[in-house]
Amino acid sequence: MRRVPQYLALLAYVVFLAFPLLWLLSTALKTPREMALADPTWIPREPTLANFADAFGEQDLVGAATRSLVVALASSVITVVISLPAAYAIARYRGLVNRIAIGWVLVSQVFPFILIIIPLFMILRDLELVNTLPGLVVVHVTFTLPFALWMLQGYVRAVPAELEEAAAMDGAGRIRTIVGVVAPLLAPGVVATLLFAFISSWNEFLFALVILQDPDVMTLPLTLVRFTGPEGVARLGPLAAASLMATIPSLIFFAIIQRRLKSGLMAGAVKG
């Protein structure tokens with residue numbers, strides 16, 4: 001009985017988190033006449049799949065989702081590959097350079113991204129990366145890297161240095177120690193960073209709006225905007241259906257990563 005209030009609070013929190021998704025599903029299944037009612041209903045009175053047909057018929061959602069998936073996967077993997085050794089160096093080798101690096105990571109998160117849009121566009125234009133997916137990947141990696149580095153260096157600091165010293169006393173070299181001892185313990189941090197980088201890239205809109213100009217290379221967030229008319233009036237039915245479909249890949253990715261996160265935690269516990 002003492003756990004009942006805890007379960008009720010947890011249930012209320014889950015409902016609060018799931019409310020936007022449920023309302024999105026409800027809107028996607030409503031007819032235009034039902035969406036125009038002054039008193040909105042929770043459950044559609046006449047459920048219809050016409051909004052999904054209109055969404056896929058009007059825009060290339062599959063192509064846009066594929067491009068977003070490629071950009072998000074490439075950005076997240078590259079971010080982790082670059083930030084992991086840098087985080088290890090910052091956490092293990094103390095000094096003035098490391099303190100300056102950490103300070104710069106924190107300061108870089110203060111500046112609004114809108115301030116660097118113009119110079120960023122000029123740099124990408126000189127590199128011939130405007131209106132290309134590789135250019136968008138470079139931008140996503142650049143702006144996700146500081147926070148990923150900060151996350152991973154916290155996980156590295158949590159790994160006891162005595163484990164590395166014990167491995168060194170057993171004759172293991174630096175690389176073997178990192179791969180065999182430190183890396184398994186960092187698995188939860190790597191997975192969490194990978195998830196953060198993927199979601200950030202998948203949902204990113206501002207940089208994609210500036211860099212990508214051709215509809216054939218636009219990512220999913222830019223494609224969703226096209227359901228809004230020139231006067232700012234959105235077609236709620238197809239937009240809700242397309243937005244609902246846009247959340248499915250990220251949910252699937254999170255479900256897969258969540259299992260890896262749990263296995264990484266268990267592996268870290270056994271290694272510790």
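**Exercise 1. The loop between α6 and α7**

Task: In this predicted model, find where N131 lies, and decide whether N131 is buried, partly exposed or exposed.

Solution.
Step 1. N131 is found in the loop that runs between α6 and α7.
Step 2. The relative accessible area of N131 is 24%. Buried means under 20% and exposed means over 50%, with partly exposed in between. N131 is therefore partly exposed.
Step 3. Now look at the backbone. Most residues other than glycine have a negative phi. For N131, phi is near 65 degrees, a positive value, and the residue is not a glycine.

**Exercise 2. A second residue in that loop**

Task: State what the sign of phi is for E128, and classify E128 as buried or exposed.

Solution.
Step 1. E128 sits in the loop between α6 (117-126) and α7 (133-158).
Step 2. Its phi is about 60 degrees, which is positive although E128 is not a glycine.
Step 3. The relative accessibility of E128 is 68%, so E128 counts as exposed.

**Exercise 3. Helix α5 against helix α7**

Task: Describe how α5 and α7 cross: at what angle, and how far apart are their axes?

Solution.
Step 1. Two packed helices are described by the angle between their axes and the distance between the axes.
Step 2. Helix α5 covers residues 96-108. Its axis and that of α7 cross at roughly 135 degrees and come within 9 Å.
Step 3. An angle over 145 degrees would count as roughly antiparallel, and 65 to 115 as roughly perpendicular; the rest, apart from angles under 35, are oblique. The two helices α5 and α7 are therefore oblique to each other.
Step 4. The crossing in which α5 passes α7 is left-handed.
Step 5. On the α5 side the contact is made by I102, V105, L106 and S108, and on the α7 side by P146, L149, W150 and R157.
Step 6. Sorted by class, the contact of α5 with α7 has 6 nonpolar, 1 polar and 1 charged residues.

**Exercise 4. Helix α4 against helix α10**

Task: Repeat the analysis for α4 and α10, and state which hand the crossing has.

Solution.
Step 1. Helix α4 spans residues 61-92 and helix α10 spans residues 187-203. They pack at an angle of about 140 degrees, and their axes are 8 Å apart.
Step 2. That angle makes α4 oblique to α10.
Step 3. The crossing of α4 past α10 is right-handed.
Step 4. Residues of α4 in this contact include A65, L69, V77 and L84. Among their partners in α10 are V190, L194, F198 and W202.
Step 5. By class, the contact of α4 with α10 contains 13 nonpolar and 6 polar residues, and no charged residues.

**Exercise 5. Two buried loop residues**

Task: For T31 and V159, give the loop, the burial class and the contacts.

Solution.
Step 1. T31 is in the loop between α1 (4-28) and α2 (32-35). With a relative accessibility of 18%, T31 counts as buried, because the cut-off is 20%.
Step 2. Leaving out residues up to four places away in sequence, T31 touches E46 and T48.
Step 3. V159 lies in the loop between α7 and α8 (161-169). Its relative accessibility is 5%, so V159 also counts as buried.
Step 4. Beyond its neighbours within four places in sequence, V159 is in contact with R92, L185 and L186.
Step 5. V159 and V182 are 23 residues apart along the chain, and their C-alpha atoms are separated by 7.2 Å.

**Exercise 6. A pair of residues 101 places apart**

Task: Locate A168, classify A168 by accessibility, and say how far A168 is from R67.

Solution.
Step 1. A168 belongs to helix α8.
Step 2. At 46% relative accessibility, A168 counts as partly exposed.
Step 3. A168 and R67 are 101 residues apart along the chain, and 45 Å separates their C-alpha atoms.

**Exercise 7. The whole chain**

Task: How many helices and strands does the chain have, and what percentage of its residues is buried?

Solution.
Step 1. The chain has 13 helices and 0 strands.
Step 2. It has 272 residues, of which 35% count as buried.
Step 3. The C-alpha atoms fill a box of roughly 75 × 65 × 30 Å along the principal axes.
Step 4. The chain exposes about 16400 Å², and carbon and sulfur atoms supply 71% of that area.
Step 5. Take the contacts between residues at least 6 apart in sequence: 72% of them join residues at least 24 apart.

Conventions. Residues are numbered from 1 along each chain as its sequence is written. This is a predicted model: local features need pLDDT of at least 70, side-chain atom pairs count only at pLDDT 80 or more; totals for chains, interfaces and linings use all residues. Side-chain values use heavy atoms; hydrogens and water are left out. Axes are lines fitted to C-alpha atoms, for helices over the stretch in contact, and angles run from 0 to 180 degrees between N-to-C directions. Helices (H or I, at least four residues) and strands (E, at least two) are DSSP runs, numbered from the N terminus. A crossing is left-handed if the near helix is turned anticlockwise from the far one by less than a right angle, and right-handed if clockwise. Contact means heavy atoms within 4.5 Å. Ala, Val, Leu, Ile, Met, Phe, Trp, Tyr, Cys and Pro count as nonpolar, Asp, Glu, Lys and Arg as charged, and the others, Gly among them, as polar. Buried means under 20% relative accessible area, exposed over 50%, partly exposed in between (1.4 Å probe, protein chains only). Accessible areas come from the Shrake-Rupley method with a 1.4 Å probe; for residues, only the protein chains shown count as cover.
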